[in-house]
Amino acid sequence: MSTEILTLFKIIVSAAFVDNIILARYIGLCPYIGMSSSVANSIGMGMAVTFVMVLASIVTWILWNYIFVPLGLEYLRIMVFILVIATLVQLVEILLKKNVPNLYRAMGIYLPLITTNCAILAVTFLGVDYGYTLLQVVVYSISVALGFTVALVLLAGIRERLRMARVPQFWQGYPIVFVATCLLAIAFLGFKGLVK
Amino acid sequence: MNILIPTVLVGALGLAFGLMLSWFAKKFAVPVNPLVQEVERVLPGANCGACGFPGCSGLAEKIASGEAPVNACPVGGPKAWAELSRLLGQESSSWEVKRAVVLCQGGKGVAQVTAEYSGVASCKAANLLPGSFKGCRFGCLGLGDCVRVCPFSAIHIDPESGLPVVNWEKCTGCGKCVAECPRKILVLVPRKEQVTVACVSFDSAREVRKACAKGCIKCQVCVRTCPEGAITFENGRIVISREKCTLCGLCIEKCPTHCIIRVGKTAALLEVRG
Amino acid sequence: MRKILRVALALTVVCVVAALSLSVVYVVTKEKIAEEARKELKEALGVVFPEAETFVPLDPGTFGTLPESKEIQVLEAYEAQSGGERRGVVLKVASTGYGGPIVLLVGVDTEEGKITGLKVLEHQETPGLGSNVAEEGFLSQFLGKSLESPFRVGEDIQAVSGATISSRAVARACAKVAEIVRGEKR
Amino acid sequence: MMREFWYHFRNGLLGENPVLKLMIGLCSVLAVSVRVENCLGMGAAVIFVLTCSSLVISLIRNFVPNEVRIPIFIVVISTFTTIVDLVMKAYLPPLSKAMGIFIPLIVVNCIIMARAEAFASRKPPLLAVADALGMGVGYTLVITAIGVVRELFGYGEILSHPVFPKAYQGMMAMILPPGAFLLIGIYIALLNWSLKKVKS
């Protein structure tokens with residue numbers, strides 16, 4: 001049992017920090033830059049992505065291992081996985097529009113973009129490729145989503161401070177955000193050797 | 001055979017997800033007034049705020065509930081107003097389309113410049129200095145506040161004269177520049193051929209002549225020469241009434257300082273330099 | 001109620017059409033792709049084990065199952081023969097890299113106990129970074145190495161800069177192959 | 001009609017450049033722009049798939065109910081991409097070898113979904129194609145611009161022909177994605193500066 005927990009712990013640490021889906025694997029950057037203007041927005045986005053990511057990896061794991069592999073339909077993988085994710089995103093859109101309208105308006109174009117959010121698709125793909133068990137997949141997706149939200153909130157905090165900083169005229173707005181992200185990414189490189 | 005299996009399988013998935021989504025959509029349906037959506041689709045969607053409401057969706061709600069008049073959106077223009085009145089079932093009457101025009105010709109080489117200004121490049125800021133850097137207290141400072149505020153980039157500073165020029169094709173008459181100009185030189189006029197006095201100064205003839213070559217010195221030559229009596233001198237300024245004026249152009253020739261200009265259909269001030 | 005059906009039907013129709021066209025294209029191209037893969041495999045075998053003329057497919061199971069993680073799998077195995085007798089073995093191995101499984105062929109000369117050749121058949125590594133693992137520059141390090149060597153990145157293998165995970169995946173694959181061939185020979 | 005075509009095409013290049021202005025498609029930019037030939041390959045693939053997807057989506061836009069529009073768009077895009085991948089693997093193996101690795105990256109590329117959702121689902125097919133072409137070319141230009149700098153400083157080469165003297169060790173930062181973040185930031189700043197110059 002202890003090795004079981006050890007591997008779970010290793011997954012959590014590596015997925016959330018060492019192999020952070022954004023700052024180490026550089027996946028899922030579109031909403032990352034677009035949505036991190038304010039901490040509140042990024043937490044909202046983080047929750048939405050977590051919801052979709054966890055559910056998507058569970059559903060895709062079940063579909064893949066119990067239906068598609070036995071039937072030998074590997075080539076359908078991309079389409080079916082994205083179909084599941086898109087359905088969940090549409091679900092999120094319906095729920096948000098009803099219950100949290102201002103977050104819905106704040107997300108705007110970035111809500112449908114969760115569908116093609118490379119991070120979620122990558123999680124579903126890796127969850128299958130690594131041959132995780134269902135429990136490991138759930139833990140993996142939760143920790144990746146955690147890593148995503150942490151990175152998002154981190155940048156949102158920085159960006160809110162940046163608004164007060166004296167930034168040269170042409171560097172205001174997105175350019176300075178990219179420079180900040182670059183420094184953040186280099187900082188996260190430090191985690192590289194943590195988990196063998 | 002292995003065409004059938006995937007098709008049926010994915011089809012079933014599609015059906016299941018479709019049912020789930022539409023059921024959720026129905027259960028969590030946000031009660032949206034369809035009329036508001038239709039009204040919003042007619043509105044231009046520039047969210048410029050000229051109507052005074054928070055963006056087009058704000059205005060759409062007010063129009064649908066009848067609190068705002070159908071022509072509250074100047075940008076939409078008559079085409080949108082007619083469409084809106086059809087949507088709301090009101091009778092469609094004609095409304096006047098307005099455009100902005102610059103009532104000042106005190107550009108480079110015309111108006112006297114009393115100081116070399118290197119402060120904040122905005123008319124509002126320059127206007128705070130008593131008398132600012134121009135001889136004329138009413139003249140255009142040309143620092144482009146109106147250019148920046150215009151959501152439709154219809155105004156640009158003419159490099160030769162240093163004065164703003166309004167392009168009536170792009171101008172939607174939203175009035176944001178009129179509100180922005182600290183010296184009230186930009187005004188909204190109906191969009192048709194007309195003659196107007198291109199000066200808003202109240203100063204006496206002696207000061208005007210000293211400060212600007214094309215300023216109105218209130219000599220009232222135009223009042224006497226106008227065959228229709230369309231021009232009058234009211235509380236300190238020359239006013240040309242659009243109803244009576246027949247665009248004969250007599251006043252333009254007679255005016256000693258060429259202060260009266262012809263405002264055309266397309267671009268306002270450009271005609272003058274010709 | 002009718003609206004729910006109409007909406008669900010729209011999605012179903014799109015899915016059915018998509019799945020239909022996809023499966024039709026798949027079936028039509030299946031043969032061609034398999035043929036291409038065979039052609040490429042034959043050519044790759046030649047590269048990986050130059051001296052041998054014929055390659056006899058072996059049952060991968062005979063090489064014993066790999067111990068713990070499912071990260072490395074032996075997909076196929078061939079016996080490299082020249083002039084009728086056995087000169088070595090070629091294993092087709094899949095190892096999980098950065099973006100997904102990396103499939104590579106590893107040729108081993110069983111007499112002299114060294115690696116004869118290495119070729120990456122398929123990979124999903126990031127183009128420009130991980131994909132350098134398939135280039136000569138990186139793979140040539142493995143040629144001629146004895147089966148005893150550790151095959152570990154940082155020790156006897158120099159990783160591709162910026163693609164440590166992919167380099168480690170290939171190195172681990174070689175280590176496993178070496179381990180298998182050593183085990184089988186004893 | 002042609003004037004509008006050109007307007008939307010030009011719009012994709014500069015006015016609403018996907019990477020520099022709309023901030024979409026960044027994942028592939030960072031991953032791919034290490035070598036110039038990858039950029040060109042990825043750019044070509046994006047232009048092709050984006051144009052065809054936008055066309056198809058624009059054609060069916062009136063039949064798509066709003067409740068399920070995201071799944072339908074994404075199914076169209078991914079099916080289209082997978083078919084292209086399979087056909088290329090079967091009939092054009094050399095091209096597939098070069099472009100194959102970009103296919104999974106394209107499906108995940110945000111540009112296609114963003115333009116489908118924001119543009120193609122609202123405009124007639126011809127305009128959708130114009131916009132797609134503009135966006136595709138705009139995307140390719142930007143990533144190639146980044147690719148040139150990254151390859152030059154990272155490997156000292158352009159299109160894998162050595163440019164710098166052999167002694168040049170290669171700047172690790174440029175090979176790893178943080179360098180790409182920096183470059184995108186610099187390019188946006190340059191774009192703002194040049195647009196400012198043009199406007200005043």
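Two strands count as paired here if DSSP finds at least two bridges between them. With that in hand, let's walk through this predicted model, starting in chain C.

Chain C holds an open sheet of five strands, ordered β1-β2-β3-β4-β5 and paired in antiparallel fashion. At the edges sit β1 (54–58) and β5 (114–122) of chain C, each of which pairs on one side only. From one strand to the next, the twist averages 25°. Now look inside the sheet, at strand β3 (residues 85–96) and strand β4 (residues 101–109) of chain C: nine bridges join these two antiparallel strands. If you want a register mark for that pairing, use Val89(C), which stands opposite Val108(C) in β4(C).

Helix α1 (residues 2–48) of chain C packs on this sheet and touches β1, β2 (72–82), β3, β4 and β5 of chain C. The direction of the helix makes about 155° with that of β5(C). Zoom out a little and the chain has three helices and five strands, following the pattern α-β-β-β-β-β-α-α along the sequence. Of the 186 residues in chain C, 45% count as buried. Take the contacts in chain C with a separation of 6 or more, and 54% of them come from residues 24 or more positions apart.

Leu45(C) is a handy place to see helix and sheet come together. This leucine lies in helix α1 of chain C. Is Leu45(C) buried or exposed? Leu45(C) counts as buried because 21 other C-beta atoms lie within 10 Å, and the cut-off for buried is 20 or more. Setting aside neighbours within four places in sequence, the contacts of Leu45(C) are Phe55(C), Tyr78(C), Val90(C) and Leu105(C). There is also Val106(C), 61 residues away along the chain, whose C-alpha atom is separated from that of Leu45(C) by 9.0 Å.

At the other end of chain C, have a look at Thr164(C), where UniProt, in an unreviewed entry, places the feature "modified residue: FMN phosphoryl threonine". In the model, Thr164(C) is found in helix α3 (residues 164–185) of chain C. Thr164(C) has 16 C-beta neighbours inside 10 Å, so this threonine counts as partly exposed. Beyond its neighbours within four places in sequence, Thr164(C) is in contact with Val153(C) and Ala159(C).

Over to chain B, where there's a neat hairpin to check. Strand β2 (residues 155–158) and strand β3 (residues 163–166) of chain B run antiparallel and are joined by four bridges. Ile157(B) stands opposite Pro164(B) in β3(B). Four residues lie between the strands of this hairpin, and Gly162(B) takes a positive phi near 75°.

Elsewhere in chain B, Cys212(B) lies in the loop between α8 (205–211) and α9 (221–225). Why does this loop residue, Cys212(B), count as buried? The reason is that Cys212(B) has 27 C-beta neighbours inside 10 Å. Leaving out neighbours within four places in sequence, Cys212(B) is in contact with Gly106(B), Val110(B), Ala111(B), Gln112(B), Gly135(B), Cys136(B) and Gly139(B). One of these, Val110(B), is 102 residues away along the chain, yet the two C-alpha atoms are separated by 5.8 Å.

That leaves chains A and D. Between them, 33 residues of chain A are in contact with 34 residues of chain D. On the chain A side, the elements giving two or more residues are α2 (29–35), α4 (77–99), α6 (118–129) and α8 (174–189). What is the make-up of that side by class? It has 26 nonpolar, seven polar and no charged residues.

Helix α4 of chain A turns up again in the largest nonpolar core, giving the largest share with 15 residues. This core has 154 residues, and Val52(A), Leu83(A) and Ile85(A) touch the most other members. Follow Val52(A) and, outside its neighbours within four places in sequence, you'll find contacts with Ile85(A), Leu88(A), Val89(A), Val92(A), Ile114(A) and Ile120(A). Apart from this core lies another, of 48 residues, with Tyr98(C), Cys174(C), Val34(D) and Ile175(D) among them. In soluble globular proteins, nonpolar side chains tend to be buried together.

Terms used
Residues are numbered from 1 along each chain as its sequence is written. Chains are lettered from A and ligands numbered from 1 in the order in which they are written. This is a predicted model: local features need pLDDT of at least 70, side-chain atom pairs count only at pLDDT 80 or more; totals for chains, interfaces and linings use all residues. Axes are lines fitted to C-alpha atoms, for helices over the stretch in contact, and angles run from 0 to 180 degrees between N-to-C directions. Two residues are in contact if their C-beta atoms, placed from the backbone, lie within 7 Å. A residue is buried if 20 or more other C-beta atoms lie within 10 Å of its own, exposed if 12 or fewer, and partly exposed in between; C-beta atoms are placed from the backbone. Ala, Val, Leu, Ile, Met, Phe, Trp, Tyr, Cys and Pro count as nonpolar, Asp, Glu, Lys and Arg as charged, and the others, Gly among them, as polar. UniProt positions are given in the numbering used here, feature names are shortened, and annotations may be inferred rather than shown by experiment. A nonpolar core is a set of buried Ala, Val, Leu, Ile, Met, Phe, Trp, Tyr and Cys residues joined through C-beta atoms within 7 Å.
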